[in-house]
Amino acid sequence: MRRALVTRGSFYERLAEHGEEFVSDDDFVDLYSKSHGRPSIPPSVMIKALLCATHDRTSDYETSRRTRVDSDWKAAMGVDDWFAGIGATTFSLMRARMVLHDADNKLFAKTLERAVELGVFKAKLTAIIDSSPVHGAGAVADTYTLIRKLAGTLARAMGAHLDPVLAAEALTPAAVKPDIDWQDPEARRLQLEKMVLCALELLDAADKAEVKDDSAVAEAAGLLAQVIDQDVEVDGERLALRDGVASDRVISHSDPEMRHGRKSASRRFDGHKLDVIVDENTELVLGVDVRAGNAGDGDGAAGLLDQLQATPGIEVETLLGDMAYSDGDVRVAVEQHGVEVVAKVPPVSNSGRFPKTDFTVDLAARSVTCPAGHTTTTVKKTKDHKGRRAALYVFDKPLCAACPLRDSCVGGKGGRTIMVGVHEARIQAARAAQIDPATKALLRMRCKVERKIDHLQDLGMRKARYRGRRKTKLQAFLAATVANIKRLAVLAALTQTATATT
């Protein structure tokens, strides 16, 4: 191998010079059987090729070609000029092994362990967290397509255990779209009814068959039943499409884990949600996760901290986030890890009238004072939007009726009410802290995670390459590993190590 042909200062050169610090054959012995031998290509070479493929965003066929002809890649992989390359299908087998043994997580963790060894992290860390959409690799389908495709999947899974007539009735529309007038509402309704009745017969047969405990049959039956329940309703004595969208609706037969998601009120996506946590000082990726596209942003914080705290030598003191991470439940979950949340509390509005923040809520005295100076201690039990217990403070109706500020405070005929939730103290403290100059300066650092997410998207994380959430997480770990190796080079940590050893 002629190292002189490697592009200077490139990722390939960094991987050629320092790849052994992150990838070694001994780290991946668990990927192979102890009694059946191993493939001819070492796991370290395979994984370095996968990292190059992630960096260049190549397909398996293009990756195979470059392992055969590209000098940069050969240098990065640590092979000689005469290396014959790696077959395209071999990469899918390697990815399957990595997912099965959680080796992608171990590979990513090695970059953090190496950063700790190099002394890159200083004292307790301030981490920044955010999420980003990942568009799914599966095809988004309508209800008709979902039912006929999933019915066909269930029929094939049951095989000879299914009545031949029912099997033909399920498999024919699964292979070919029914030939009806799709512009005619009544024709569509009759077709839906026919498909649903066939699906219900399939589900009944699957429940009674000898193979009902087979994992493939159980999974196919569960998905088909879920789609029917979420998309179809009985309208009188007829079946019809359900109005609205179910909260956890299955949207793809090719990737059932995809979900409708929203990054904002006007920005919708179909796929998964990528969580990223970054060190504010070094801008190294500390953790990644892939969750359902419809999951709440803040709900991913505790899971990432669990992942991060498994790495010795890394301790997070403060977690920065946007307003999605300011919820009281999120704060409690993060505080249980010994970490303080710094996130701006969303502003409160009340259709032009006095918002809740204009009232003085005294938790110790269990009272609320309005802008006019009136105080109430009258409390009713209620629940907030998440179903958690809350207290509803009620101002006296005659008092509000005679108040000169009524038009600026109350819209109805009754007295003003103020809800106080279980996390009121935390929210009050956070709202007071966010006007502090030091907190404001800290919150301005949050944009660094957005820059890192953009880098991961440049490495392919804007769209999933594979179907399924776990395989998409593998993609995220590979992208984060590439990003950290490049970042360590920018920080000159790797160069300093090379200089010290020469």
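These legends walk through close-up views of one predicted protein model.

**Figure 1. The whole protein, before zooming in.**
Start with the full predicted model, which has 502 residues, 48% of them counted as buried. Its secondary structure comes to 18 helices and 14 strands. Measured out along the principal axes, the C-alpha atoms fill a box of roughly 90 × 75 × 40 Å. The protein exposes about 24,800 Å², and carbon and sulfur atoms supply 51% of that area. On the charge side, there are 71 positive and 70 negative side chains, with the centres of the two sets lying 4 Å apart. Take the contacts between residues at least 6 apart in sequence: 66% of them join residues at least 24 apart.

**Figure 2. The largest pocket and its lining.**
Here we look into the largest pocket, with a volume of about 820 Å³. There are 31 residues lining this pocket, and the closest to its centre are Asp327, Gly328, His385, Arg388 and Ile427. Which elements each supply at least two residues of the lining? They are helix H12 (328-335), strand S14 (417-421) and helix H14 (424-433). H14 gives the largest share of the lining, with four residues.

**Figure 3. The cavity and the cysteines around its centre.**
Now for an enclosed space. The count comes to one cavity of 30 Å³ or more. About 110 Å³ of space lies in the largest cavity. Its lining is made of 15 residues, and those closest to the centre are Cys370, His374, Cys400, Cys403 and Cys409. As for how such spaces are found, rolling a probe the size of a water molecule over the atoms shows where empty space is left.

**Figure 4. Alanine 76, tucked into helix H4.**
Alanine 76 sits in helix H4, which covers residues 71-77. Is this residue buried or exposed? With a relative accessible area of 1%, alanine 76 is buried, because the cut-off for that word is under 20%. Leaving out residues up to four places away in sequence, alanine 76 touches Tyr12, Leu15, Ala16, Lys48 and Cys52. For a sense of scale, pick phenylalanine 359, which is 283 residues from alanine 76 along the chain: the two C-alpha atoms are separated by 63 Å.

**Figure 5. Phenylalanine 83, in the loop that follows H4.**
Move along the chain to phenylalanine 83, in the loop between H4 and helix H5 (88-100). Which residues does phenylalanine 83 touch, not counting those up to four places away in sequence? The list is Val45, Thr67, Arg68, Lys74 and Met77. Leucine 200 is 117 residues from phenylalanine 83 along the chain, and their C-alpha atoms are separated by 56 Å.

**Figure 6. Arginine 57 and a partner from far along the sequence.**
Arginine 57 is in the loop between helix H2 (43-56) and helix H3 (60-69). At 52% relative accessibility, arginine 57 counts as exposed, because exposed means over 50%. Now look across to aspartate 458: this residue is 401 residues from arginine 57 in sequence, yet 8.8 Å from it in space, C-alpha to C-alpha. Setting aside residues up to four places away in sequence, arginine 57 touches Gln457, Asp458, Leu459 and Gly460.

**Figure 7. Aspartate 142, just ahead of helix H7.**
Aspartate 142 belongs to the loop between strand S1 (125-135) and helix H7 (143-158). Its relative accessibility is 43%, so aspartate 142 counts as partly exposed. Histidine 385, which also turned up at the pocket centre in Figure 2, is 243 residues from aspartate 142 along the chain. The C-alpha atoms of aspartate 142 and histidine 385 are separated by 31 Å.

**Figure 8. Two loop residues with positive phi.**
Most residues other than glycine have a negative phi. Glutamate 283 has a positive one, near 60°. This glutamate is in the loop between strand S5 (267-279) and strand S6 (285-292). At 12% relative accessibility, glutamate 283 counts as buried. Serine 351 also has a positive phi, near 55°. Its loop runs between strand S8 (340-343) and strand S9 (360-362). How much of serine 351 is accessible? Its relative accessible area is 70%, so serine 351 is exposed.

Technical notes: Residues are numbered from 1 along each chain as its sequence is written. This is a predicted model: local features need pLDDT of at least 70, side-chain atom pairs count only at pLDDT 80 or more; totals for chains, interfaces and linings use all residues. Side-chain values use heavy atoms; hydrogens and water are left out. Buried means under 20% relative accessible area, exposed over 50%, partly exposed in between (1.4 Å probe, protein chains only). Contact means heavy atoms within 4.5 Å. Accessible areas come from the Shrake-Rupley method with a 1.4 Å probe; for residues, only the protein chains shown count as cover. Lys and Arg count as positive and Asp and Glu as negative; His and the chain ends are not counted. The place of a charge is taken as NZ of Lys, CZ of Arg, CG of Asp or CD of Glu. On a 1 Å grid over the protein atoms alone, a cavity is a set of points where a 1.4 Å probe fits but cannot get out, and a pocket is an open set with protein on both sides within 12 Å along at least five of seven lines; lining residues have an atom within 4 Å of a point. Grid points are joined across faces, edges and corners, and a volume is the space filled by probe spheres set on the points.
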